Amino acid sequence: MESRESAEEKLFSPSAARNSQPIADILCPLLKSGARVLEIGSGTGEHGEAVCLRRPDVHWTPSDPDSASRKSQAARAREISAMQMPLDLDVSRDGWSDGLAEIDNLVCCNVIHISPWATAQGLVRGATHILHPKGRIFLYGPFLEGAASAPSNLDFDASLKSRNPEWGVRPLDEVVELFAGHGFELEQRIDMPANNLSLIFKRPE
Ligand SMILES: C[S@@+](CC[C@H](N)C(=O)[O-])C[C@H]1O[C@@H](n2cnc3c(N)ncnc32)[C@H](O)[C@@H]1O
């Protein structure tokens, strides 16, 4: 997990503080009026907060399998009308999307490299069940791109794998192939600060 500071139940992550506004800059224009958004692995809840403060019309539901993270998200949800109470979701578990209402957007930042590949597989499998046909999946984080990979991402990959051999910065082509296998095409790839990418997936028209 990233380094975090806390104030009461609210957690703060230095990396989320750096990334939240650039992520909100991409997400805010992407979300339609009144969009129903489910965020996976929301951590401290700061990304949702940044979007909801700028887009009070949306319905943003954070989630995380980690209870301290959910408490932090709940503390934010109590203060922000666009943010709903968090859900306990582990997308590597079969059936994680069972019983959930339809959503317009699935958002997942900095999760699939810091968990086994089964997380990415479960994420997109569940999306097929709950995402509106014209909905979008937003994925943010570091990715590998063969010889064009940023040295910092190669170092990060090695350090993740030394912590857990099932973790690792994912090759972009493998992620795109996984999503294509579930009927999603890459609509947009946006270079972000610190060698991260924003990826937007949709179903073909
Ligand atoms: C590095 S943190 C990122 C938090 C936040 N999204 C951000 O960008 O600041 C990764 C988060 O993913 C969550 N996570 C890990 N495995 C998961 C899984 N299988 N399903 C859902 N969330 C998961 C962790 O509990 C953690 O809060």
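**Exercise 1. Find what the side chain of aspartate 64 reaches, and describe the surroundings of this residue.**

Step 1. In this predicted model, the side chain of aspartate 64 comes to 3.0 Å from the backbone nitrogen of aspartate 66.

Step 2. Now place the residue in the fold: aspartate 64 sits in the loop that links E4 to helix H3 (67-79).

Step 3. Is aspartate 64 buried or exposed? Its relative accessibility is 8%, and buried means under 20%, so aspartate 64 counts as buried.

Step 4. Look for partners further along the chain. Setting aside neighbours within four places in sequence, aspartate 64 is in contact with Gly41, Ser42, Gly43, Ser69, Arg70, Gln73, Leu87, Asp88 and Leu89. Take glycine 43 as one case: 21 residues separate it from aspartate 64 along the chain, yet their C-alpha atoms are 6.5 Å apart.

**Exercise 2. Describe serine 42, one of the contacts of aspartate 64.**

Step 1. Serine 42 belongs to the loop between strand E3 (36-40) and helix H2 (46-54).

Step 2. With 5% relative accessibility, serine 42 is counted as buried.

Step 3. Which side chain makes a polar contact with the side chain of serine 42? That of glutamate 39 does, at 3.1 Å.

Step 4. Beyond four places in sequence, serine 42 is in contact with Pro62, Ser63, Asp64 and Gln73.

**Exercise 3. Work out the order of the strands in the sheet, and say which ones stand at its edges.**

Step 1. The open sheet has six strands, ordered E4-E3-E5-E6-E8-E7, with mixed pairing.

Step 2. Strand E4 (59-61) and strand E7 (185-192) each have a single partner strand, so they are the edges, and one side of each has no neighbour in the sheet.

Step 3. On average, neighbouring strands of this sheet are turned by 20 degrees against each other, direction ignored.

Step 4. Follow E7 to its partner: E7 and E8 pair in the antiparallel sense over seven bridges. Glutamate 185 stands opposite lysine 202 in E8, while aspartate 191 has leucine 197 in E8 as its bridge partner.

Step 5. Three residues lie between the strands of the E7 and E8 hairpin, where alanine 194 has a positive phi near 60 degrees.

Step 6. Finally, add a helix: H2 lies across E3, E4 and E5 and runs at about 175 degrees to E4.

**Exercise 4. Find the largest nonpolar core and the elements that build it.**

Step 1. This core has 27 residues, and Ile40, Leu106, Leu123, Leu139 and Phe179 have the most contacts inside it.

Step 2. At least two core residues come from each of E3, strand E5 (103-109), helix H4 (117-130), strand E6 (131-142), helix H6 (172-180) and strand E8 (196-202). H4 gives the largest share, five residues.

Step 3. Zoom in on phenylalanine 179: not counting residues up to four places away in sequence, it touches Leu123, Val124, Ile137, Leu139, Phe184 and Phe201.

Step 4. Another core, of 24 residues, lies apart from this one and includes Ala24, Ala35, Val37 and Met192.

**Exercise 5. Explain why cysteine 108 and cysteine 109 are not bonded to each other.**

Step 1. Check the whole structure: the search finds zero disulfides.

Step 2. The closest cysteine sulfur to that of cysteine 108 is in cysteine 109, at 6.9 Å, which is too far for a bond; the cut-off is 2.5 Å.

Step 3. As for their setting, cysteine 108 is buried at a relative accessible area of 2%, and cysteine 109 counts as buried at 5%.

Terms used
Residues numbered from 1 in each chain as written. Predicted model: local features only at pLDDT ≥ 70, side-chain atom pairs only at ≥ 80, totals over all residues. Heavy atoms only, no water. Helix = DSSP H or I, 4+ residues; strand = E, 2+ residues; numbered from the N terminus. Buried < 20%, exposed > 50% of the residue type's maximum accessible area, 1.4 Å probe, protein only. Polar contact = N/O pair within 3.5 Å; in protein donor to acceptor, adjacent residues only side chain to side chain. Contact = heavy atoms within 4.5 Å. Core = buried A, V, L, I, M, F, W, Y, C linked by side-chain atoms within 4.5 Å. Pairing = 2+ DSSP bridges. Axes fitted to C-alpha atoms, helices over the stretch in contact; angles between N-to-C directions.
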